[in-house]
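Open the model in your viewer and keep the sequence panel beside it. The tour goes from the whole chain to a few selections.

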Amino acid sequence: MIETERLIIRPWRDGDRAPFAAMGQDAEVRRFLGPLQSRAESDALIDRMIAMEADLGYCLWAVERRADATFLGFCGLNAGPVGTPLEGGLEIGWRLARAYWGQGYAREAALACLDWTWANLAIEGLFSMTVPANTASWGLMERLGMFQLQGRDFDHPGVPDGSPLKRHVVYRIDRPANRPFVNHIG
């Protein structure tokens, strides 16, 4: 569990399933992600994240507001998708319910996840990706200190040809020089 001033970033719970499914049915939340998600699809994503955390110690964790334990969405780490420039690396990602946009929650959660990453994983950097039209997402990437990898734009293999969501931009953040990895395990 990761705690910030306003947030708790934690493992998924069964109580997160209904509000996450509602996010998957919100056309604005899905605007740059693709078609609306069924309950089965959103539950399957949660199940994958639970398994990923059990195997690797990280995932796209659930994010809740400390003040009232309201589920806000997710933020954390995921394997770079196969067939993309992120394959073989780790991606930092976030998604919040629309009611919580524009309040700094995504930035607060992402900064905490970056801190966790540098303290716990021996990696040189993280990636992120989005469609060029998603200015809010790549704007956050830039506010986090990420930089766009020029010449690394790609057509996402999981998006149908002809879709306006096919083209993606790639961002990266390198491990800060003042945060060398120290293995605390023996």
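Two residues are in contact when heavy atoms of theirs lie within 4.5 Å of each other. Keep that in mind for the stops below. This is a predicted model.

**Stop 1: the whole chain**

Show the chain as a cartoon. It has four helices and nine strands. Followed from the N terminus, the order is β-β-α-α-β-β-β-α-β-α-β-β-β. The radius of gyration is 16 Å, close to the 16 Å that the globule rule gives for 186 residues, so the chain is as compact as a globular protein of that length. Turn the C-alpha trace along its principal axes and it spans about 50 × 45 × 30 Å.

Of the contacts with a separation of 6 or more, 61% join residues 24 or more positions apart.

**Stop 2: the surface**

Switch to a surface view. About 9,400 Å² of the chain is exposed, and carbon and sulfur atoms supply 53% of that area. Buried residues make up 48% of the 186 residues. Now colour the charges: there are 20 positive and 23 negative ones, and their mean positions are 3 Å apart.

**Stop 3: an aromatic cluster**

Select Trp12, Phe20, Phe71 and Phe74, and show their side chains. These four residues form one aromatic cluster. The chain has six aromatic pairs by the ring-centre rule. In the pair of Trp12 and Phe20, the ring centres are 5.3 Å apart and the planes stand at 70°, so this pair is edge-to-face. Are Trp12 and Phe20 buried or exposed? Both are buried.

**Stop 4: Phe32**

Select Phe32, in the loop between α1 (17-24) and α2 (39-56). Which residues does Phe32 touch, apart from its neighbours within four places in sequence? They are Val131, Ala133, Asn134 and Leu165. Draw a distance from the C-alpha of Phe32 to that of Asn134: the two are 6.5 Å apart in space, although 102 residues apart in sequence.

**Stop 5: Ala122**

Move to Ala122, in the loop between α3 (105-120) and β6 (125-130). Why does Ala122 count as exposed? Its relative accessibility is 59%, and the cut-off for exposed is over 50%. Beyond its neighbours within four places in sequence, Ala122 is in contact with Arg175 and Phe181. Add Pro180 to the selection: its C-alpha is 8.6 Å from that of Ala122, and the two residues are 58 residues apart along the chain.

Note on methods
Residues numbered from 1 in each chain as written. Predicted model: local features only at pLDDT ≥ 70, side-chain atom pairs only at ≥ 80, totals over all residues. Heavy atoms only, no water. Helix = DSSP H or I, 4+ residues; strand = E, 2+ residues; numbered from the N terminus. Rg over C-alpha atoms; globule rule 2.2 N^0.38 Å. Buried < 20%, exposed > 50% of the residue type's maximum accessible area, 1.4 Å probe, protein only. Areas by Shrake-Rupley, 256 points an atom, 1.4 Å probe, with all protein chains shown as cover. Lys, Arg positive; Asp, Glu negative; His and termini not counted. Charge placed at Lys NZ, Arg CZ, Asp CG, Glu CD. Phe/Tyr/Trp six-rings, centres within 6.5 Å; stacked < 30°, edge-to-face > 60°.
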